[in-house]
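Colleague: I would like to walk through this protein with you, step by step. Shall we take a look?

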Amino acid sequence: MSIWWSLHLRREAASVPLARRLLIGAMETAGVDSETSYDLAVALSEACANAVEHGGDASTGYRVTALIDGDTCRIEVTDSGPGFAERPRRARRFPARTLQARTPAPVQDEHGRGLFLIESLTDHVRVRNRPGRQGAVVSFDKILKWREGAPPSAALLRAS
């Protein structure tokens, strides 16, 4: 068994907590432990905030898709903005994590830390431009931990 959902949201600040609350509800229902849920919720908030800020004109929205399958959650945020500037890709490697994206901004900058934060809270991050269309796609995976006494739905998810 798996849980899958997709949302098409307006590019406005109020959409960010909505997406986060839906994700937390799905995690709670599935029996995911609170620390893992929190990490994913923060990562999703950062990806959504990036889509709201950089995702194209106000008439276009952005899409959030989440899949809980077995012991993994994959989240993808897609917008229709200008995408990422073409630069030589640089992979940064951390234990069990990889990010191919823009060079991180200096720490003192107010902006530019979202992708770094997503990378540090999840197990795998992929940042790319939409193939054949305008826009960016940020996807990330996290291996799930389950809370003690999780509901029976958690056992079904783990069995898949």
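**Questions on a predicted fold**

Modeller: The protein has 4 helices and 7 strands. Keep in mind that this is a predicted model.

Colleague: In what order do the elements run from the N terminus on?

Modeller: Start at the N terminus and read along the chain. A strand comes at the start, followed by two helices. Written out in full, the order is β-α-α-β-β-β-β-α-β-β-α.

Colleague: Which strands form the open sheet, and in what order?

Modeller: Strands of a sheet pair through backbone hydrogen bonds, either parallel or antiparallel. Here 5 strands take part, and the pairing is antiparallel. The edge strands, each pairing on one side only, are β1 (2-10) and β6 (124-129). The twist from one strand to the next averages 10°. Across the sheet, the order is β1-β2-β3-β7-β6.

Colleague: How many bridges pair β1 with β2?

Modeller: Strand β2 covers residues 61-69 and runs antiparallel to β1. Two partners show the pattern. Arg10 has Gly61 as its bridge partner in β2, while Leu7 has Val64. For the two strands, the count is 9 bridges.

Colleague: Which residue takes a positive phi in the hairpin of β2 and β3?

Modeller: β2 and β3 run antiparallel and are joined by 7 bridges. Ile68 stands opposite Cys73 in β3. The hairpin has 2 residues between the strands. The one with a positive phi, near 65°, is Gly70.

Colleague: Which strands does helix α2 lie across?

Modeller: Helix α2 spans residues 34-54. Its direction is at about 175° to β7. The strands it lies across are β2, β3 (72-78) and β7 (136-143).

Colleague: What angle does the direction of helix α3 make with that of β7?

Modeller: Helix α3 covers residues 114-121 and packs on the sheet. There it touches β6 and β7. The angle with β7 is about 25°.

Colleague: Now the charged pairs. How many salt bridges does the structure hold?

Modeller: Side chains of opposite charge can pair when their charged atoms come close. In this model, the number of salt bridges is 3.

Colleague: Which residue forms a salt bridge with Asp39?

Modeller: The closest N and O atoms of this pair are 3.5 Å apart. Asp39 lies in helix α2 and its partner in strand β7, so the pair ties together parts that are 103 residues apart in sequence. The partner is Lys142.

Colleague: Is Lys142 buried or exposed?

Modeller: The cut-off for buried is under 20% relative accessible area. Asp39 has 15%, so Asp39 counts as buried. Lys142 has 9%, so the word for Lys142 is also buried.

Colleague: Does the cut-off treat both members of the next pair alike? Which of Arg74 and Asp141 counts as buried?Modeller: The side chains of Arg74 and Asp141 meet in a salt bridge, at 2.6 Å from N to O. Arg74 sits in strand β3 and Asp141 in strand β7, 67 residues apart. Arg74 has 44% relative accessibility, so Arg74 counts as partly exposed. At 13%, the buried one is Asp141.

Colleague: How many residues apart are Glu76 and Arg128?

Modeller: Their side chains meet in a salt bridge, at 3.5 Å from N to O. Glu76, at 26% relative accessibility, counts as partly exposed. Arg128 is buried, at 19%. Glu76 lies in strand β3 and Arg128 in strand β6, and the pair is 52 residues apart.

Colleague: Back to the helices. What span does helix α1 reach from its first C-alpha to its last?

Modeller: Helix α1 covers residues 15-30, which is 16 residues. At 1.5 Å a residue, the expected span is 22 Å. The model comes close to that, with 23 Å.

Colleague: Which residue just after α1 takes a positive phi?

Modeller: Look at the helix before leaving it. Its buried residues include Val16, Leu23 and Met27. Just after α1, phi turns positive, at about 95°. That residue is Gly31.

Colleague: Last, the whole protein. What share of its residues count as buried?

Modeller: The protein exposes about 9,000 Å², and carbon and sulfur atoms supply 53% of that area. Of the contacts with a separation of 6 or more, 67% join residues 24 or more positions apart. Among the 160 residues, the buried share is 43%.

Definitions and conventions:
Residues numbered from 1 in each chain as written. Predicted model: local features only at pLDDT ≥ 70, side-chain atom pairs only at ≥ 80, totals over all residues. Heavy atoms only, no water. Pairing = 2+ DSSP bridges. Axes fitted to C-alpha atoms, helices over the stretch in contact; angles between N-to-C directions. Contact = heavy atoms within 4.5 Å. Salt bridge = Lys/Arg side-chain N within 4 Å of Asp/Glu carboxyl O. Buried < 20%, exposed > 50% of the residue type's maximum accessible area, 1.4 Å probe, protein only. Areas by Shrake-Rupley, 256 points an atom, 1.4 Å probe, with all protein chains shown as cover. Expected span 1.5 Å × (residues − 1).
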